Amino acid sequence: GGGLGVNATSEVWKSADGSSWSLVTDSAAWEVRNVWSAVAFDNRLWVLGGYAGKRTFRDVWWSYDGVAWVKVLEEAHWGGRFGARAVS
């Protein structure tokens, strides 16, 4: 999910081979951010936390297709974080 020196975004990209990429959406439902965590689990893509400006996010989102997103939690039980790793 980007880096601290990179502009925050809510873009979602996909690739079948890791070499050729195509934009799924340039404005996902979640607020723009960088250094967020993502994991594929249960046939869904999950986005966890992130950082934008002076705000550290604690929210959790999922999507089946990268276009339609569902907010699971506004504030997860863990503290705000960015750059964390997620494993499924």
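Hi everyone, let me start with one residue. Leaving out residues up to four places away in sequence, serine 37 touches Trp46, Val47, Leu48, Ala84, Arg85 and Ala86. Serine 37 sits in strand S3, and with a relative accessible area of 7% it is buried. Before I go further, please keep in mind that this is a predicted model.

Now let's step back to the whole protein. What does it contain in the way of helices and strands? The count is 0 helices and 6 strands, so the pattern along the sequence reads β-β-β-β-β-β. The radius of gyration is 12 Å, close to the 12 Å from the globule rule for 88 residues, which means the protein is as compact as a globular protein of that length. If you like a box, the C-alpha atoms fill one of roughly 35 × 30 × 20 Å along the principal axes.

A few totals for those of you who enjoy them. Of the 88 residues, 30% are buried. The accessible surface comes to about 5600 Å², and 52% of that belongs to carbon and sulfur atoms. As for contacts between residues at least 6 apart in sequence, 37% of them join residues at least 24 apart.

On to the sheet. Its 4 strands come in the order S3-S4-S5-S6; the sheet is open, and the pairing is antiparallel. Which strands stand at the edges? They are S3, residues 37–41, and S6, residues 70–73; each has a single partner strand, so one side of each is left without a neighbour in the sheet. From one strand to the next, the twist averages 25°. That puts our opening residue, serine 37, in an edge strand.

Let me walk through the pairs. Strand S4, residues 44–52, runs antiparallel to strand S5, residues 55–63, and 7 bridges join them. Within that pairing, tryptophan 46 stands opposite tryptophan 62 in S5. Tryptophan 46 is also one of the residues that serine 37 touches. Next come S5 and S6, which pair in the antiparallel sense over 3 bridges. There, valine 60 has leucine 73 in S6 as its bridge partner. The hairpin of S5 and S6 has 6 residues between the strands, and in this hairpin glycine 66 takes a positive phi near 85°.

Since we are talking about phi, have a look at the loop between S3 and S4. Aspartate 42 lies in that loop, and so does asparagine 43. What is the phi of aspartate 42? The value is near 60°, which is positive in a residue other than glycine. Asparagine 43 likewise has a positive phi near 60°, and it too is a residue other than glycine. In terms of accessibility, aspartate 42 is partly exposed at 47%, while asparagine 43 counts as exposed at 71%.

Now for the inside. In soluble globular proteins, nonpolar side chains tend to be buried together. Which residues make up the largest nonpolar core here? There are 6 in all: Val12, Ala28, Trp30, Val47, Trp61 and Trp69. A second, separate core has 5 residues, including Trp46, Val60, Trp62 and Ala76. So the opposed tryptophans 46 and 62 both turn up in this second core. Back in the largest core, alanine 28 is in contact with Ser10, Val12 and Trp69, leaving aside its neighbours within four places in sequence.

I'll finish with two residues that sit far apart along the chain. Threonine 9 is found in the segment before strand S1, residues 12–14, and it counts as partly exposed at 26% relative accessibility. Not counting residues up to four places away, threonine 9 touches Trp30, Val32 and Arg33. Alanine 52 lies in strand S4. How far apart are the C-alpha atoms of threonine 9 and alanine 52? They are separated by 9.1 Å, with their positions 43 residues apart along the chain. Alanine 52 touches Val32, Arg33 and Phe57, with the same sequence neighbours set aside. Val32 and Arg33 therefore appear in the contacts of both threonine 9 and alanine 52. One last distance: from alanine 52 to asparagine 34 it is 6.3 Å, C-alpha to C-alpha, and the two are 18 residues apart in sequence.

That's my tour, and I'm happy to take questions.

Terms used: Residues numbered from 1 in each chain as written. Predicted model: local features only at pLDDT ≥ 70, side-chain atom pairs only at ≥ 80, totals over all residues. Heavy atoms only, no water. Core = buried A, V, L, I, M, F, W, Y, C linked by side-chain atoms within 4.5 Å. Buried < 20%, exposed > 50% of the residue type's maximum accessible area, 1.4 Å probe, protein only. Contact = heavy atoms within 4.5 Å. Pairing = 2+ DSSP bridges. Helix = DSSP H or I, 4+ residues; strand = E, 2+ residues; numbered from the N terminus. Axes fitted to C-alpha atoms, helices over the stretch in contact; angles between N-to-C directions. Rg over C-alpha atoms; globule rule 2.2 N^0.38 Å. Areas by Shrake-Rupley, 256 points an atom, 1.4 Å probe, with all protein chains shown as cover.
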